[in-house]
Amino acid sequence: MAPGLKRFTDVAGDGTPRLDDAAGEELVCVERAASVALGSRAPEPPGTLFITTRRVIWLSEAEKGRGYAVGFLDITLHAVSRDPEAYPSPCLYTQLR
């Protein structure tokens, strides 16, 4: 797994990630039916992408308890790509520390 990327399993009963309230973390955006592709691996089945004031968290819809999180300080590059020659569907491209 890439440095900075962590497995994430701290999920509340309603299926949302538990946030670090003590650090003032707040939920900013939720995107459903989002897939994650790590490196050259095939994309994960769709899940939900949670963007908070501190992290980006993806949780699988197909496999409860499976997810990934990365802190904003671990994201070194990001871009939106809509070029089907680069990737078959629109995506957010990131590089992690």
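This is a guided tour of one protein chain, going from the whole chain to its sheet and then to its nonpolar cores.

**The whole chain**

Begin with everything displayed, and keep in mind that what you see is a predicted model. Colour the chain by secondary structure, and you will find zero helices and seven strands, so that the pattern read along the sequence is β-β-β-β-β-β-β. The radius of gyration of the chain is 13 Å, close to the 13 Å that the globule rule gives for 97 residues, and therefore the chain is as compact as a globular protein of that length. If you reduce the display to the C-alpha trace, its span along the principal axes is about 45 × 30 × 25 Å. Switching on the surface shows an accessible area of about 6,600 Å², with 54% of it belonging to carbon and sulfur atoms, while 26% of the 97 residues count as buried.

**The sheet**

Next, select the open sheet, in which five strands lie in the order E1-E5-E4-E3-E2 with antiparallel pairing. Strand E1, residues 5-7, and strand E2, residues 27-34, stand at the edges with a single partner strand each, so one side of each is left without a neighbour in the sheet. Looking across the sheet, you can follow how neighbouring strands are turned by 20° against each other on average, direction ignored.

Now select E2 together with strand E3, residues 47-52; these two run antiparallel and are joined by five bridges. Which residue in E3 does Glu-31 stand opposite? Show both side chains, and you will see that Glu-31 stands opposite Leu-49.

**The nonpolar cores**

In soluble globular proteins, nonpolar side chains tend to be buried together. To look at such a group here, select Leu-5, Val-36, Val-56, Trp-58, Tyr-68 and Val-70, the six residues that make up the largest nonpolar core. Strand E4, residues 55-60, and strand E5, residues 67-71, each supply at least two residues of this core.

Stay with Trp-58 and show what surrounds this residue: leaving aside neighbours within four places in sequence, the contacts of Trp-58 include Ala-34, Ser-35 and Val-36, then Pro-45, Pro-46 and Gly-47, and also Arg-66, Gly-67 and Tyr-68. Apart from the largest core lies another core, of five residues, and among them are Phe-8, Phe-50, Ile-57 and Leu-59, which you can select as the last group.

To finish, return to the whole chain and consider its contacts with a separation of 6 or more, of which 38% are accounted for by residues 24 or more positions apart.

Definitions and conventions. Residues numbered from 1 in each chain as written. Predicted model: local features only at pLDDT ≥ 70, side-chain atom pairs only at ≥ 80, totals over all residues. Heavy atoms only, no water. Pairing = 2+ DSSP bridges. Helix = DSSP H or I, 4+ residues; strand = E, 2+ residues; numbered from the N terminus. Axes fitted to C-alpha atoms, helices over the stretch in contact; angles between N-to-C directions. Rg over C-alpha atoms; globule rule 2.2 N^0.38 Å. Buried < 20%, exposed > 50% of the residue type's maximum accessible area, 1.4 Å probe, protein only. Contact = heavy atoms within 4.5 Å. Areas by Shrake-Rupley, 256 points an atom, 1.4 Å probe, with all protein chains shown as cover. Core = buried A, V, L, I, M, F, W, Y, C linked by side-chain atoms within 4.5 Å.
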